[in-house]
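I opened the notebook to work outward from one side-chain contact to the sheet around it. The entries below follow the order in which I looked things up.

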Amino acid sequence: MGMRETDLKAMIEAAFPDAVVTITDLAGDNDHYSAHVVSESFRGMARVAQHKAVYAALGGRMGGELHALQLTTAVPS
């Protein structure tokens with residue numbers, strides 16, 4: 001099971017085409033990742049709304065193919 005790092009990145013970039021996405025495999029098991037997403041589309045959104053938008057882009061894969069995602073979001077400076 002699990003999700004490839006490239007697939008995770010592609011899903012986020014598809015939802016946020018302007019985003020700079022950095023993915024780190026935390027455990028080497030394709031199941032626990034850290035994602036840092038910087039997107040202009042987050043401007044004016046509360047942090048929790050930014051995170052919900054990213055989780056929505058993953059289409060329900062959290063808890064299934066993707067066990068854990070440590071997520072940080074930001075707007076470009």
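**Two threonines and their sheet**

I began with Thr-73, whose side chain makes a polar contact with the side chain of Gln-50 at 2.5 Å; a polar contact here is a pair of N or O atoms within 3.5 Å, where within protein one must be able to donate a hydrogen and the other to accept it, and residues adjacent in sequence count only if both atoms are side-chain atoms. This is a predicted model, in which local features need pLDDT of at least 70 and side-chain atom pairs count only at pLDDT 80 or more, while totals for chains, interfaces and linings use all residues. I noted too that residues are numbered from 1 along each chain as its sequence is written, and that side-chain values use heavy atoms, with hydrogens and water left out.

The side chain of Thr-73 also makes a polar contact with the side chain of His-51, at 3.3 Å. Leaving aside neighbours within four places in sequence, I found Thr-73 in contact (heavy atoms within 4.5 Å) with Val-37, Phe-42, Arg-47, Gln-50, His-51 and Val-54.

Is Thr-73 buried or exposed? I entered Thr-73 as buried because its relative accessibility is 4%; buried means under 20% relative accessible area, exposed over 50%, and partly exposed in between, with a 1.4 Å probe and protein chains only.

I then turned to Thr-72, which is found in strand 3, residues 68-74; helices (H or I, at least four residues) and strands (E, at least two) are DSSP runs, numbered from the N terminus. Thr-72 counts as partly exposed because its relative accessibility is 36%. The side chain of Thr-72 makes a polar contact with the side chain of His-36 at 2.7 Å, and, not counting residues up to four places away in sequence, Thr-72 touches Ala-35, His-36, Val-37 and His-51.

In which order do the strands of the sheet lie? I recorded an open sheet of 3 strands in the order 1-2-3, with mixed pairing, two strands being paired if DSSP finds at least two bridges between them. Its edge strands are strand 1 (20-25) and strand 3, each of which pairs on one side only.

Strand 2 (residues 32-38) and strand 3 run parallel and are joined by 7 bridges, and the bridge partner of Ala-35 in strand 3 is Leu-71. Strand 1 and strand 2 run antiparallel with 6 bridges, and here Thr-24 has Ser-34 as its bridge partner in strand 2. In the hairpin of these two strands, with 6 residues between them, I noted that Gly-28 takes a positive phi near 70°. Strand 2 is mostly covered, since 5 of its 7 residues are buried.

Last, I looked up the packing in the largest nonpolar core, a core being a set of buried Ala, Val, Leu, Ile, Met, Phe, Trp, Tyr and Cys residues joined through side-chain atoms within 4.5 Å. Of its 17 residues, Leu-8, Ile-12, Ile-23, Val-37, Leu-58 and Leu-69 touch the most other members. Helix 1, strand 1, strand 2 and strand 3 are the elements that give two or more residues to this core. For Leu-58 I listed contacts with Leu-8, Met-11, Ile-12, Leu-66 and Leu-69, not counting residues up to four places away in sequence.
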